[in-house]
Amino acid sequence: MRQYVYVSTAEQLPSQDVTAILESCQRNNPLQGLTGLLLYNGRNFLQVLEGEHDALERVMRRIEHDSRHHGISRLHDELIESRACPDWSMRRLSLGEPGESRRERLEAELPTALDPLVRRMILNFALLN
């Protein structure tokens with residue numbers, strides 16, 4: 001099993017597009033054995049995806065061909081023994097509140113099993129907004 005973390009640019013997507021992406025992930029990921037989490041800051045996505053290598057590559061190819069995403073960059077690609085997000089077909093973590101309170105809430109919401117490096121990536125991404 002592998003874990004990918006990627007960022008992409010998707011500037012000023014209407015909230016209904018972000019909701020549609022999330023719903024599509026929640027519907028399709030269980031069929032492919034994928035789990036993960038999603039953040040959107042109004043300009044960029046950060047997504048953690050976990051699953052078998054072939055399923056992850058199929059999803060990444062779809063994302064790369066999705067006109068809503070640009071500048072996709074894989075930040076993390078690691079073999080994992082167990083999932084950090086086993087119960088999340090895809091969970092969106094909100095970035096609504098300002099700076100430090102956002103960080104505190106995310107710290108509490110993030111799965112405890114996340115690799116410390118991935119946790120830092122997520123928290124740093126969240127503070128960019």
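I80 touches M1, R2, Q3 and E50, leaving out residues up to four places away in sequence. I80 lies in the loop between β4 and β5 (91–92). The model is predicted. The protein has 4 helices and 5 strands, in the order β-α-β-β-α-β-β-α-α along the sequence.

**Overall fold**

- The radius of gyration of the protein is 14 Å, close to the 14 Å that the globule rule gives for 129 residues, so the protein is as compact as a globular protein of that length.
- The C-alpha trace spans about 40 × 30 × 25 Å along its principal axes.
- Of the 129 residues, 45% count as buried.
- Take the contacts between residues at least 6 apart in sequence: 74% of them join residues at least 24 apart.

**Helix α2**

- Helix α2 covers residues 53–64, which makes 12 residues.
- At 1.5 Å a residue, helix α2 should span 16 Å. Its end C-alpha atoms are 16 Å apart, so the model agrees with the expected span.
- Which residues of α2 are buried? They are A55, L56, E57, V59, M60 and I63.
- An α-helix has 3.6 residues a turn, so residues three or four places apart point the same way.
- The buried residues of α2 pack against two strands listed here, β1 (2–9) and β3 (44–51), and also against helix α1 (15–32) and strand β4 (70–79).

**Largest pocket**

- The largest pocket holds about 240 Å³ of space.
- Its lining has 13 residues. S24, C25, R62, I63 and D66 lie nearest the centre.
- Which elements give two or more residues to this lining? They are α1 and α2.
- Helix α1 gives the most, with 5 residues.
- By class, the lining has 5 nonpolar, 5 polar and 3 charged residues.
- I63 appears in two places: I63 is among the buried residues of α2, and I63 is one of the residues nearest the pocket centre.

**I80, a buried loop residue**

- Is I80 buried or exposed? I80 has a relative accessible area of 18%, and the cut-off for buried is under 20%, so I80 counts as buried.
- Two of its contacts can be placed by residue range: R2 and Q3 fall within β1 (2–9).
- E50, another contact of I80, falls within β3 (44–51).
- I80 and E104 are 24 residues apart along the chain, and their C-alpha atoms are separated by 26 Å.

**G71, an exposed strand residue**

- G71 lies in strand β4.
- G71 has a relative accessible area of 60%, and exposed means over 50%, so G71 is exposed.
- Leaving aside neighbours within four places in sequence, G71 is in contact with V7, S8 and T9. These residues fall within β1 (2–9).
- From G71 to T19 the C-alpha distance is 21 Å, with their positions 52 residues apart in sequence.

**L31, an exposed helix residue**

- L31 lies in helix α1.
- L31 counts as exposed because its relative accessibility is 72%, and the cut-off for exposed is over 50%.
- L31 and S89 are 58 residues apart along the chain. Their C-alpha atoms are separated by 9.6 Å.

Key. Residues are numbered from 1 along each chain as its sequence is written. This is a predicted model: local features need pLDDT of at least 70, side-chain atom pairs count only at pLDDT 80 or more; totals for chains, interfaces and linings use all residues. Side-chain values use heavy atoms; hydrogens and water are left out. The expected span of a helix is 1.5 Å times one less than its number of residues. Buried means under 20% relative accessible area, exposed over 50%, partly exposed in between (1.4 Å probe, protein chains only). Contact means heavy atoms within 4.5 Å. On a 1 Å grid over the protein atoms alone, a cavity is a set of points where a 1.4 Å probe fits but cannot get out, and a pocket is an open set with protein on both sides within 12 Å along at least five of seven lines; lining residues have an atom within 4 Å of a point. Grid points are joined across faces, edges and corners, and a volume is the space filled by probe spheres set on the points. Ala, Val, Leu, Ile, Met, Phe, Trp, Tyr, Cys and Pro count as nonpolar, Asp, Glu, Lys and Arg as charged, and the others, Gly among them, as polar. The radius of gyration is taken over C-alpha atoms; the globule rule is 2.2 Å times the number of residues to the power 0.38.
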